[in-house]
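Biologist: Could you walk me through one part of this model in some detail? I would like to follow how a single loop fits in with the elements on either side and with the rest of the chain.

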Amino acid sequence: MKLLDQDGTMNKYPTQVDLAHRLEKSQQLVSHHLRTLENYGLVEKKRSGVKNRYKLTKEALFLLETTEY
């Protein structure tokens, strides 16, 4: 969520591949976590061409503001 928060402040919305590369984790693992965060309403995906791009929802941003990470 920290990466999505940092990217969102720069109006950049990464793909699963981008996140997996930066986190040095498999795309499957990142996909699983993004799906979980999406189910809880903390991440939303936007279609950009053939790729999905991810960003935090307002609820996630509120949670990040109220907690230290």
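Where is Glu 24 found?

Modeller: Happy to help. This is a predicted model, in which local features need pLDDT of at least 70 and side-chain atom pairs count only at pLDDT 80 or more, while totals for chains, interfaces and linings use all residues. Residues are numbered from 1 along each chain as its sequence is written, and side-chain values use heavy atoms, with hydrogens and water left out.

Glu 24 sits in the loop between α2 and α3; helices (DSSP runs of H or I, at least four residues) and strands (runs of E, at least two) are numbered from the N terminus. Glu 24 is exposed, at 71% relative accessibility; here buried means under 20% relative accessible area, exposed over 50% and partly exposed in between, with a 1.4 Å probe and protein chains only. Its backbone deserves a look too: phi of Glu 24 is positive, about 55°, although the residue is not a glycine. Most residues other than glycine have a negative phi. Asn 11, also not a glycine, has a positive phi near 55°. Asn 11 belongs to the loop between α1 and α2 and counts as exposed at 58% relative accessibility.

Now for the elements on either side of your loop. On the α3 side, Leu 29 lies in that helix, which spans residues 27-39. Leu 29 is partly exposed, at 37% relative accessible area. From Leu 29 to Gln 16 the C-alpha distance is 9.6 Å, with their positions 13 residues apart in sequence.

On the other side, α2 packs with α1 at an angle of about 120°, their axes being 11 Å apart; axes are lines fitted to C-alpha atoms, for helices over the stretch in contact, and angles run from 0 to 180 degrees between N-to-C directions. That makes the two helices oblique to each other: under 35 degrees counts as roughly parallel, over 145 as roughly antiparallel, 65 to 115 as roughly perpendicular, and the rest as oblique. The crossing of α1 and α2 is right-handed, meaning that the near helix is turned clockwise from the far one by less than a right angle, whereas anticlockwise would make it left-handed. Leu 3, Leu 4 and Asp 7 of α1 meet Leu 19, Arg 22 and Leu 23 of α2, where contact means heavy atoms within 4.5 Å.

Two of those residues also share a charge pair. Asp 7 and Arg 22 form a salt bridge, with the closest N and O atoms 2.7 Å apart. Asp 7 is in α1 (residues 2-9) and Arg 22 in α2 (residues 16-23), so the bridge ties together parts 15 residues apart in sequence. Asp 7 is buried at 3% relative accessibility, whereas Arg 22 is partly exposed at 38%. The rule for a salt bridge is a side-chain nitrogen of Lys or Arg within 4 Å of a carboxyl oxygen of Asp or Glu, and by this rule the count comes to 4.

From α2 the trail leads on to a strand. Asp 18 and Arg 53 make a salt bridge at 3.8 Å, N to O. This pair links distant parts of the chain, with Asp 18 in α2 and Arg 53 in β2 (residues 51-56), 35 residues apart. Both partners are partly exposed, Asp 18 at 33% and Arg 53 at 29%.

What does β2 do next? It runs antiparallel to β1, with 6 bridges joining them; two strands pair if DSSP finds at least two bridges between them. Arg 47 stands opposite Asn 52 of β2. The hairpin has 2 residues between its strands, and Gly 49 there takes a positive phi near 70°. Lys 55 and Glu 44 meet in a salt bridge of 3.7 Å, N to O. Lys 55 lies in β2 and Glu 44 in β1 (residues 43-48), so this pair connects parts 11 residues apart in sequence. Bridges with shared partners join Glu 44, Lys 46 and Lys 55 into one network.

Finally, Thr 57 is placed in the loop between β2 and α4 (58-66). In contrast to the exposed Glu 24, Thr 57 is buried, at 9% relative accessible area. Leaving aside neighbours within four places in sequence, Thr 57 is in contact with Gly 41, Leu 42, Val 43 and Glu 44.
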